[in-house]
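Biologist: Got a minute to go through this one with me? I'd like to talk charges and strands.

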Amino acid sequence: MKDTGKEAKQPVSSNAGKAISGRILVADDNKAMRDVVSELLECIGYEVALAINGIEALAVFLKSTFDLVLADFEMPAMDGLCLAGHIKERSPSTPVILLTGADRETVLKKVEKGPVDSVIFKPFTLEDLQTTVQGALTSGEREHRSVGAR
């Protein structure tokens with residue numbers, strides 16, 4: 001996948017031959033993480049759009065329809081927690097999952113009463129990602145969940 005600088009404005013893949021399970025917006029300032037997460041999600045049947053920060057992600061979100069937003073907790077310009085607040089103001093039922101390598105206890109305290117549905121801690125497995133995403137898309141209830149590194 002090439003980093004064109006316009007990633008946020010274009011879907012990454014149509015997943016020809018696969019049933020699309022949903023559209024996911026991935027926001028992360030780390031290109032390698034964006035690439036890995038988008039490839040994993042595409043591999044399990046999701047259509048993915050990319051953004052390099054929260055501001056870009058919000059702009060993309062407002063121009064299209066997404067079933068879920070997956071965002072890095074710490075990004076320049078607008079972090080994932082702030083992005084989650086903006087997403088929930090406009091679309092309260094859209095699940096928002098944060099990815100982070102930050103301290104588990106600190107992150108969980110910051111998100112416990114906020115607009116975040118789940119947190120995935122780095123490093124994480126494909127199973128962690130798949131279970132959390134599928135759970136968020138099928139769950140009608142908001143409950144904070146966390147998976148990944150302990």
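Modeller: Sure. Arg90 has a relative accessibility of 43%, so it counts as partly exposed. Keep in mind that this is a predicted model.

Biologist: OK, and which residue does Arg90 form a salt bridge with?

Modeller: Glu89, with the closest N and O atoms 3.5 Å apart. Glu89 is exposed, at 59% relative accessibility.

Biologist: How many salt bridges does the count come to?

Modeller: The count is 7 salt bridges. One of them links Asp35 and Lys31, where the closest N and O atoms sit 2.5 Å apart.

Biologist: Where do Asp35 and Lys31 lie?

Modeller: In helix α1, residues 31-43. They are 4 residues apart there, so about one helical turn separates them.

Biologist: Is Asp35 buried or exposed?

Modeller: Buried, with a relative accessible area of 13%. Its partner Lys31 is partly exposed, at 27%.

Biologist: And what about Lys109, which residue does that one bridge to?

Modeller: Lys109 pairs with Glu105, and their closest N and O atoms are 3.4 Å apart. Both are in helix α4, residues 104-111, again with a spacing of 4 residues, about one turn of the helix. Lys109 and Glu105 are both exposed. Elsewhere, salt bridges with shared partners tie Asp28, Asp72 and Lys122 into one network.

Biologist: Switching to strands. How many residues of β4 are buried?

Modeller: 5 of the 5, so strand β4 (residues 96-100) is largely enclosed by the rest of the structure.

Biologist: Which residues sit on which side of β4?

Modeller: Val96, Leu98 and Thr100 are on one side, Ile97 and Leu99 on the other, and they're all buried, so both faces are covered. In general, side chains in a regular strand alternate between the two faces of the sheet.

Biologist: What joins β4 to β3?

Modeller: 4 bridges, with the two strands running parallel; β3 is residues 68-72. Val69 is the residue opposite Val96 of β4. Between β3 and β4 the chain passes through helix α3 (residues 80-90), and that β-α-β crossover is right-handed.

Biologist: And how many bridges join β4 to β5?

Modeller: There are 4, and β4 and β5 (residues 118-121) run parallel. Thr100 has Phe121 in β5 as its bridge partner. From β4 the chain goes through α4 to reach β5, in a right-handed β-α-β crossover.

Biologist: Wait, which helix was the Lys109 and Glu105 pair in?

Modeller: That's α4, the helix through which the chain crosses from β4 to β5.

Technical notes. Residues are numbered from 1 along each chain as its sequence is written. This is a predicted model: local features need pLDDT of at least 70, side-chain atom pairs count only at pLDDT 80 or more; totals for chains, interfaces and linings use all residues. Side-chain values use heavy atoms; hydrogens and water are left out. A salt bridge is a side-chain nitrogen of Lys or Arg within 4 Å of a carboxyl oxygen of Asp or Glu. Buried means under 20% relative accessible area, exposed over 50%, partly exposed in between (1.4 Å probe, protein chains only). Two strands pair if DSSP finds at least two bridges between them. A crossover is right-handed if, with the strands pointing away from the viewer, the path from the first strand over the helix to the second runs clockwise.
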